[in-house]
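Welcome aboard! Here are a few notes to read alongside the structure, taken one region at a time.

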Amino acid sequence: MKNATSTALTVAGFDPSGGAGLQADLKTFSAFGVSGKSVATSITIQNTVGVEGIHNISPEVVEQQLKAILTDGKPDAVKTGMLGNELIVETVVRLLRRYRIKKIVVDPVIYSSSGKSLLSLAGIQAMKKELLPITFLLTPNLNETEILSGVKIRQPSDRIRAARALIKMGAKNILIKGGHLKGKPQDFFFDGKRSLCLNADRVAGGDVHGTGCTLASAITAGLAKGKSTVVAVKEAKEFIGL
Ligand code: PLP
């Protein structure tokens with residue numbers, strides 16, 4: 001087997017159906033030839049129909065997992081997904097700061113595709129206050145964009161206002177995933193200066209949970225390999241077929 005030189009870490013929830021969360025991320029890292037590590041934040045009980053239960057892992061155990069991995073060699077990039085509550089958000093931020101991780105892709109998972117809450121209200125506040133200031137790339141969908149930025153998105157032109165608000169909160173780059181606005185879905189990228197509209201296709205019906213996880217982990221893999229942000233985003237979109 002070829003030696004995978006780049007490494008990426010995912011900090012996310014466990015989905016026993018394998019569609020989202022840790023397994024989806026590790027499969028994606030592997031498809032990009034990146035060596036993957038994973039830290040579990042929550043055990044979800046779910047299948048392709050929906051989420052039946054959530055058991056968040058204690059922040060002490062999240063911290064121990066992170067320490068074990070981060071003392072063992074710094075990953076080239078880190079992705080965060082479902083974080084569950086404010087204690088886990090704060091623990092993850094503290095450790096990523098302590099180990100000076102810079103390439104941090106944050107998929108701000110707030111609801112499952114089936115509508116179940118995956119992050120507490122206090123967790124959302126902690127994400128805004130603590131996690132966004134160390135975020136290299138934030139990948140919210142439209143709903144997450146509205147919740148985090150406080151900007152209502154009624155038309156495509158509202159996205160720049162929301163992206164500016166998120167940059168002001170500390171994130172360096174924003175990729176707002178389209179999909180729920182009328183008309184052709186489009187992803188919107190903003191790095192604080194330059195904005196870019198990227199065409200997207202509507203994901204066909206059926207079970208689509210995990211699409212957001214896969215996109216964010218594909219971008220993380222590209223960043224781990226040293227690609228520029230825009231190239232990593234474009235290649236990740238190609239990978240998931242959007
Ligand atoms: N992370 C976990 C553990 C999940 O269970 C889910 C959705 O069910 C998500 C993340 C979000 O997935 P999506 O990629 O559909 O936004």
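**Notes for a first look**

1. A good place to start is the ligand: one of its oxygen atoms is 3.5 Å from a polar backbone atom of Thr211. Please keep in mind as you read that this is a predicted model. Two further polar contacts are worth finding: an oxygen atom of the ligand is 2.9 Å from a polar backbone atom of Gly212, and an oxygen atom of the ligand is 2.4 Å from an N or O atom in the side chain of Gln46. Taken alone, the ligand exposes 400 Å², and the protein buries 94% of that.

2. Now look at the shell as a whole. The ligand is surrounded by 14 residues, and the closest are Gln46, Ser113, Gly210, Gly212 and Cys213. Which helix gives the largest share of this shell? Helix α7 (residues 211–224) does, with three residues. By type, the shell holds nine polar residues, five nonpolar ones and no charged ones.

3. Next, turn to helix α5 (residues 142–149). Six of its eight residues are buried, so the helix is largely enclosed by the rest of the structure. The buried residues are Leu142, Glu144, Thr145, Glu146, Leu148 and Ser149. What do they pack against? Their partners are α4 (121–131), β6 (137–138), α6 (158–168) and β7 (173–176).

4. Both ends of α5 deserve a glance. At the N-terminal end, Asn141 acts as a cap, with a side-chain oxygen 3.2 Å from the backbone nitrogen of Asn143. Just after the helix comes Gly150, with a positive phi of about 80°.

5. Strand β7 links up with two other strands. With β6 it pairs in the parallel sense over two bridges, and Leu138 stands opposite Ile174. With strand β8 (residues 186–190) it pairs in the antiparallel sense over three bridges, and here Ile174 stands opposite Phe190. Asn173 and Leu175 point one way from β7, while Ile174 and Ile176 point the other way, and all are buried.

6. Finally, have a look at Thr135, in the loop between α4 and β6. Is Thr135 buried or exposed? Thr135 is buried, at a relative accessible area of 1%; the cut-off for buried is under 20%. Leaving aside residues up to four places away in sequence, Thr135 touches Ile104, Val106, Gly170, Ala171 and Lys172.

Note on methods:
Residues are numbered from 1 along each chain as its sequence is written. This is a predicted model: local features need pLDDT of at least 70, side-chain atom pairs count only at pLDDT 80 or more; totals for chains, interfaces and linings use all residues. Side-chain values use heavy atoms; hydrogens and water are left out. Buried means under 20% relative accessible area, exposed over 50%, partly exposed in between (1.4 Å probe, protein chains only). Helices (H or I, at least four residues) and strands (E, at least two) are DSSP runs, numbered from the N terminus. Contact means heavy atoms within 4.5 Å. A polar contact is a pair of N or O atoms within 3.5 Å; within protein, one must be able to donate a hydrogen and the other to accept it, and residues adjacent in sequence count only if both atoms are side-chain atoms. A residue is near a molecule or strand if one of its heavy atoms lies within 4 Å of it. Accessible areas come from the Shrake-Rupley method with a 1.4 Å probe; for residues, only the protein chains shown count as cover. Ala, Val, Leu, Ile, Met, Phe, Trp, Tyr, Cys and Pro count as nonpolar, Asp, Glu, Lys and Arg as charged, and the others, Gly among them, as polar. Two strands pair if DSSP finds at least two bridges between them.
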